[in-house]
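Q: Please take a close look at a single part of this predicted model and describe its surroundings in one connected account.

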Amino acid sequence: MMLAVAAMDDLTIRSAEGRLAAVLLRLCGARLPELGGPAQTVIDVTQSELAQMTNLSRSAVGALLEAYQQRGLVRRSYGRLEITGLDEIVRILEPAFDPS
């Protein structure tokens with residue numbers, strides 16, 4: 001149930017970058033640490049699947065992932081992402097929940 005609520009919560013984030021960060025963190029297990037277990041650094045997911053989960057176009061997700069890769073936050077391969085900058089992705093998400 002918590003995972004479903006988190007998925008809905010992710011869609012309320014206005015910025016595309018923040019929304020993608022939230023979904024990546026949820027998929028690797030770092031968004032809801034109370035569910036237990038360490039964060040996974042490799043996620044089997046396609047850009048199309050991420051586009052559906054974030055309610056963004058596939059091209060928008062691709063552009064964001066390219067920017068993340070250039071910043072050293074992810075490594076992309078076919079149908080798979082490796083999270084290499086987990087702490088920085090968390091920092092991307094933080095302003096999305098800033099009440100000011």
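A: L50 belongs to helix α3, in a model that is predicted. Is this residue buried or exposed? L50 has a relative accessible area of 0%, and because the cut-off for burial is under 20%, L50 counts as buried. Once its neighbours within four places in sequence are set aside, L50 is in contact with L20, V23, L24, L27, V45, V61, L65 and L81. One of these contacts, L27, stands 23 residues from L50 in sequence, while the C-alpha atoms of L50 and L27 are 9.9 Å apart in space.

The backbone of L50 has a polar partner as well, since its oxygen lies 2.7 Å from a polar atom of the side chain of T54. T54, too, is placed in helix α3, and T54 counts as buried because its relative accessibility is 0%.

From here the view can be widened to the core. In soluble globular proteins, nonpolar side chains tend to be buried together. In this model the largest nonpolar core has 24 residues, and the members that touch the most others are L24, L50 and Y68. The elements that contribute two or more residues to this core are α2 (16-28), α3, α4, β3 and α5 (86-93), with α2 supplying the largest share, seven residues. Of the residues just named, L24 is in contact with L50, and L24 also appears among the contacts of Y68. Leaving aside neighbours within four places in sequence, the full set for Y68 is E17, L20, A21, L24, L73, V74 and I92, while L20 is likewise listed among the contacts of L50.

Helix α3 also takes part in a pocket. The largest pocket has a volume of about 180 Å³, and of the 13 residues that line this pocket, V45, T46, Q47, S77 and G79 are the closest to its centre. V45 is also one of the contacts of L50. Two or more lining residues come from each of α3 (47-54), α4 (58-70), β2 (74-77) and β3 (80-83), and α3 gives the most, with three residues. Sorted by class, the lining of the largest pocket comprises five nonpolar, five polar and three charged residues.

Taken together, helix α3 holds the buried residue L50, contributes two or more residues to the largest nonpolar core, and gives the most to the lining of the largest pocket.

Methods:
Residues are numbered from 1 along each chain as its sequence is written. This is a predicted model: local features need pLDDT of at least 70, side-chain atom pairs count only at pLDDT 80 or more; totals for chains, interfaces and linings use all residues. Side-chain values use heavy atoms; hydrogens and water are left out. On a 1 Å grid over the protein atoms alone, a cavity is a set of points where a 1.4 Å probe fits but cannot get out, and a pocket is an open set with protein on both sides within 12 Å along at least five of seven lines; lining residues have an atom within 4 Å of a point. Grid points are joined across faces, edges and corners, and a volume is the space filled by probe spheres set on the points. Helices (H or I, at least four residues) and strands (E, at least two) are DSSP runs, numbered from the N terminus. Ala, Val, Leu, Ile, Met, Phe, Trp, Tyr, Cys and Pro count as nonpolar, Asp, Glu, Lys and Arg as charged, and the others, Gly among them, as polar. Buried means under 20% relative accessible area, exposed over 50%, partly exposed in between (1.4 Å probe, protein chains only). A polar contact is a pair of N or O atoms within 3.5 Å; within protein, one must be able to donate a hydrogen and the other to accept it, and residues adjacent in sequence count only if both atoms are side-chain atoms. A nonpolar core is a set of buried Ala, Val, Leu, Ile, Met, Phe, Trp, Tyr and Cys residues joined through side-chain atoms within 4.5 Å. Contact means heavy atoms within 4.5 Å.
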